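Let's walk through a protein together, one stop at a time. Have the sequence and the 3D view ready, and turn the view as you read.

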Amino acid sequence: MAKLTKKQKEARAKIEKDKLYSVDEASALVKEITNTKFDSSIELAVRLGVDPRKANQMVRGVVTLPHGTGKDVKVLALVTPDKEADAKEAGADYVGLDEYLDKIKGGWTDVDVIITMPSVMGKLGPLGRILGPRGLMPNPKTGTVTMDVAKAVTDVKGGKIDFKVDKTGIVHAAIGKASFTADKIAGNAKELLETLNKLRPTAAKGVYMKSIFMSSTMSPSVQLDPKTV
């Protein structure tokens, strides 16, 4: 096991053993124990009492974080010429169609989100092997396949994120930056957790939120009390 640095030991010492923290307490504590020279991301890991292998227990959705993600999200809008002006005005970083499809075929994926229209999805199908593993394939369920391209771009730029339970039953999501105030971190965390609660599958039995951990990029994790959510 790697030796802990002095800062890591100090950070761990501030976390009370076996204590389950409220969202507000955890948000303040994670901010306090983050000592990176860069602006670390704050993340939540929520273990759900679901079986993702069963279609009726899959948890997937979108949420607009009230205080944004703190990240400059690069958006590619793959649209027909009549929608290009709307996408550009909404703030899309790259706008076009065939030229970007060719770039993606060549391996270019230097974007965070791709937004497109239903009529264009047929052209994206062959690119699934490139976009799929990177989580870039547009999907109507996450609002990235839509006729209202301008609204989709605005939402993503404003803090809209999508999430999906992984095969181990955990939802991982970045909810802000260490430079945020503790109140903003807590506000974003509560919004995500409330959304997860609303998405509880009817087929899920027993305890739904089994455990919740908050951490920054290089901090120890702080365990939250699911009962306070």
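In which helix does Val 30 lie? Find residue 30 and you will see that Val 30 belongs to helix H2. Keep in mind as you look around that this is a predicted model.

Before going further with Val 30, step back and take in the whole chain. The protein has eight helices and nine strands. Its C-alpha atoms fill a box of roughly 55 × 45 × 35 Å along the principal axes. Of the 229 residues, 45% are buried. The protein exposes about 12,400 Å², and 50% of that is supplied by carbon and sulfur atoms. If you look at contacts with a separation of 6 or more, 71% of them are between residues 24 or more positions apart. Charged side chains are here too: 37 are positive and 28 are negative, and the centres of the two sets lie 8 Å apart.

Now back to Val 30. Is Val 30 buried or exposed? Val 30 counts as buried because its relative accessibility is 1%, and the cut-off for buried is under 20%. Who surrounds Val 30? Leaving aside neighbours within four places in sequence, Val 30 is in contact with Ile 42, Met 214, Ser 215, Ser 216, Ser 219 and Val 222. For a sense of distance, try Leu 76, which is 46 residues from Val 30 along the chain; the two C-alpha atoms are separated by 33 Å.

One of those contacts, Ser 219, makes a good next stop. Ser 219 sits in the loop between strand S8 (209-216) and strand S9 (222-224). Although in a loop, Ser 219 counts as buried, at 14% relative accessibility. Besides Val 30, Ser 219 touches Ile 33 and Thr 34, when residues up to four places away in sequence are not counted. There is also a detail to zoom in on: a polar atom of the Ser 219 side chain lies 2.9 Å from the backbone nitrogen of Ser 216.

Another buried residue is waiting in a strand. Ile 170 is found in strand S7, which covers residues 170-177, and its relative accessible area is 13%, so it is buried. Which residues does Ile 170 touch, not counting those up to four places away in sequence? They are Ala 45, Val 46, Arg 47, Lys 164 and Val 165. Asp 155 is 15 residues from Ile 170 along the chain, and their C-alpha atoms are separated by 25 Å.

Next, let's turn to the charges. Side chains of opposite charge can pair when their charged atoms come close. How many salt bridges does the count come to? The count is 10 salt bridges. In one of them, the side chains of Arg 53 and Asp 51 meet at 3.0 Å, N to O. The two partners sit in contrasting surroundings: Arg 53 is exposed, with a relative accessible area of 75%, whereas Asp 51 counts as buried at 17% relative accessibility.

A second group of charges brings three residues together. Asp 72 and Lys 157 meet in a salt bridge, 3.9 Å from N to O. This pair links distant parts of the chain, 85 residues apart: Asp 72 is in the loop between strand S2 (60-64) and strand S3 (75-78), and Lys 157 is in helix H7 (residues 149-157). Lys 157 also forms a salt bridge with Asp 93, with the closest N and O atoms 2.8 Å apart. Here too distant parts are linked, 64 residues apart, as Asp 93 lies in the loop between helix H3 (81-90) and strand S4 (94-96). Asp 72, Asp 93 and Lys 157 are thus linked in a network of salt bridges. Asp 72 is exposed, with a relative accessible area of 60%, while Lys 157 is partly exposed at 28% and Asp 93 is partly exposed at 36%.

Our last stop is a bend in the backbone angles to think about. Most residues other than glycine have a negative phi. What is the phi of Asp 18 near? Phi of Asp 18 is near 70 degrees, a positive value in a residue other than glycine. Asp 18 lies in the loop between helix H1 (6-13) and helix H2 (23-32), and Asp 18 is exposed, with a relative accessible area of 72%. Helix H2 is also where Val 30 lies, which brings us back to where we began.

Note on methods:
Residues are numbered from 1 along each chain as its sequence is written. This is a predicted model: local features need pLDDT of at least 70, side-chain atom pairs count only at pLDDT 80 or more; totals for chains, interfaces and linings use all residues. Side-chain values use heavy atoms; hydrogens and water are left out. Helices (H or I, at least four residues) and strands (E, at least two) are DSSP runs, numbered from the N terminus. Buried means under 20% relative accessible area, exposed over 50%, partly exposed in between (1.4 Å probe, protein chains only). A salt bridge is a side-chain nitrogen of Lys or Arg within 4 Å of a carboxyl oxygen of Asp or Glu. Contact means heavy atoms within 4.5 Å. Accessible areas come from the Shrake-Rupley method with a 1.4 Å probe; for residues, only the protein chains shown count as cover. Lys and Arg count as positive and Asp and Glu as negative; His and the chain ends are not counted. The place of a charge is taken as NZ of Lys, CZ of Arg, CG of Asp or CD of Glu. A polar contact is a pair of N or O atoms within 3.5 Å; within protein, one must be able to donate a hydrogen and the other to accept it, and residues adjacent in sequence count only if both atoms are side-chain atoms.
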